[in-house]
Amino acid sequence: MKNAVKYEIHTPTDADNSLPDWPYQCAMNLLKYPADQAISEQLAFMGERVGADRAWMLEYRPDMLRFRNTHEWCRGQTEPFVQQLQDAPTTLMAWLHRYMMKGQAVLMHDVDSLPWTAKDIQLELLRQGNKSVLNVPVCHNNTLYGIIGFDTTIRHKIWSAAEACALYRCANLIGQAKFSQDHKQNERTEHQSANPVIYLSTRGITRGVSPASIAGVRSAGNYSEVWLEDGSMILDSRALGVWAALLPATTFFRIHRTAIVNALQVKDVDRRNIDRWQIRMQSVASAWPVSRSYRKLLRERMGI
């Protein structure tokens with residue numbers, strides 16, 4: 001893999017006419033079988049044809065802070081991981097999750113050469129013996145519900161844009177068939193009572209906290225300052241952009257390109273100086289600046 005592209009972020013389009021004929025087979029499976037059986041049939045069909053060693057689908061929990069492996073196909077002696085990836089924290093794949101939230105496919109041609117910011121998911125993929133991985137979001141009504149993808153464990157593979165586009169179309173069909181059903185709403189209601197947890201990682205120590213206990217997050221270069229309701233601060237090893245994708249949009253919003261705050265933790269907003277708006281959280285001693293470009297969002301979220 002020397003001098004080759006190690007990974008790509010791809011935005012699928014409908015312009016490619018050289019796509020594999022997977023969407024047709026996917027539609028036939030979804031019409032012929034119940035959704036979950038159809039997904040299993042489709043994973044085996046695509047995995048064989050693309051030369052993957054493992055094909056799989058993950059689903060997010062309703063709070064988006066955990067996920068579980070729901071479907072998996074393996075070739076030959078490739079080890080399955082479906083039983084091990086149940087209620088795993090989304091922070092495990094925070095780097096990937098960021099692109100899934102944007103609706104983009106991630107083509108990992110060489111897992112060994114992912115960027116430093118992807119080290120958490122890189123370690124997990126290497127634990128699974130993966131050399132190359134293709135990831136595509138599964139959405140319904142512009143909401144992310146899961147991820148579907150392929151792994152190779154025997155040799156590296158350069159994924160093509162046509163393969164990513166075909167898988168993306170299949171993911172759209174699966175999202176429509178599975179997540180528009182009434183039973184999915186029942187499943188989401190069932191899990192709403194579970195206490196969500198986000199895991200912070202710093203200096204070899206991992207700490208679980210509830211999202212509600214996070215007052216705000218500020219950029220610190222490649223790291224982030226996570227300020228908690230008890231007044232403490234944890235320097236987390238993930239960049240602010242990753243946190244923007246992880247934190248629930250219902251309560252968290254940006255006030256600056258370098259800062260995100262929890263609306264429920266805001267103590268006051270100081271607008272006396274027209275050139276320098278500031279916001280204070282209940283448990284953070286210093287005020288944080290609000291940039292002009294985020295003032296409109298602040299007014300909308302705070303009702304001011």
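In the predicted model, seven strands are arranged as an open sheet with the order β1-β5-β6-β7-β2-β3-β4, and the pairing is antiparallel. The edges of this sheet are formed by β1 (7-10) and β4 (88-89), each of which pairs on one side only. At the β4 edge, β3 (residues 66-74) and β4 are paired in the antiparallel sense through two bridges, and R66 has P89 of β4 as its bridge partner.

Two helices are placed against the sheet. Helix α5 (residues 161-179) packs on the sheet and touches β1, β2, β5 (105-108), β6 (132-140) and β7, its direction making about 35° with that of β6. Helix α2 (residues 35-50) lies across β2 (54-60), β3 and β7 (143-152), and runs at about 60° to β3.

Strand β2 is joined to two partners within the sheet. With β3, the pairing is antiparallel and comprises seven bridges; with β7, β2 likewise runs antiparallel, and six bridges connect these two strands. Residue A55 illustrates both pairings: its bridge partner in β3 is W73, while in β7 the residue opposite A55 is F150. The connection from β2 to β3 is a hairpin with five residues between the strands, and in this turn M64 adopts a positive phi of about 65°.

The burial of β2 extends to seven of its seven residues. Both of its faces are covered, with R54, W56, L58 and Y60 buried on one side and A55, M57 and E59 buried on the other.

The nonpolar interior was examined next. In soluble globular proteins, nonpolar side chains tend to be buried together. In this model, the largest nonpolar core contains 29 residues, of which W22, M46, I148, F150, L167 and I174 touch the most other members. Two or more residues are supplied to this core by each of α1 (22-32), α2, β2, β5, β6, β7 and α5. The greatest contribution is that of α5, which gives seven residues. The surroundings of L167 show how these parts meet: beyond its neighbours within four places in sequence, L167 is in contact with W22, M46, L134, V136, I148, G149 and F150. A further core of 21 residues lies apart from the largest one and includes W56, F67, W95 and V106.

Outside the seven-stranded sheet, G231 occupies the loop that links β11 (223-228) and β12 (233-236). This glycine counts as partly exposed because its relative accessibility is 34%, a value that falls between the limits of 20% for buried and 50% for exposed residues. The C-alpha atom of G231 is separated by 9.8 Å from that of I214, the two residues being 17 apart along the chain.

Over the whole protein chain, eight helices and 17 strands are present. Of its 304 residues, 49% are buried. The accessible surface amounts to about 14,700 Å², with carbon and sulfur atoms supplying 48% of that area. Among contacts between residues at least 6 apart in sequence, 57% join residues at least 24 apart.

Conventions
Residues numbered from 1 in each chain as written. Predicted model: local features only at pLDDT ≥ 70, side-chain atom pairs only at ≥ 80, totals over all residues. Heavy atoms only, no water. Pairing = 2+ DSSP bridges. Helix = DSSP H or I, 4+ residues; strand = E, 2+ residues; numbered from the N terminus. Contact = heavy atoms within 4.5 Å. Axes fitted to C-alpha atoms, helices over the stretch in contact; angles between N-to-C directions. Buried < 20%, exposed > 50% of the residue type's maximum accessible area, 1.4 Å probe, protein only. Areas by Shrake-Rupley, 256 points an atom, 1.4 Å probe, with all protein chains shown as cover. Core = buried A, V, L, I, M, F, W, Y, C linked by side-chain atoms within 4.5 Å.
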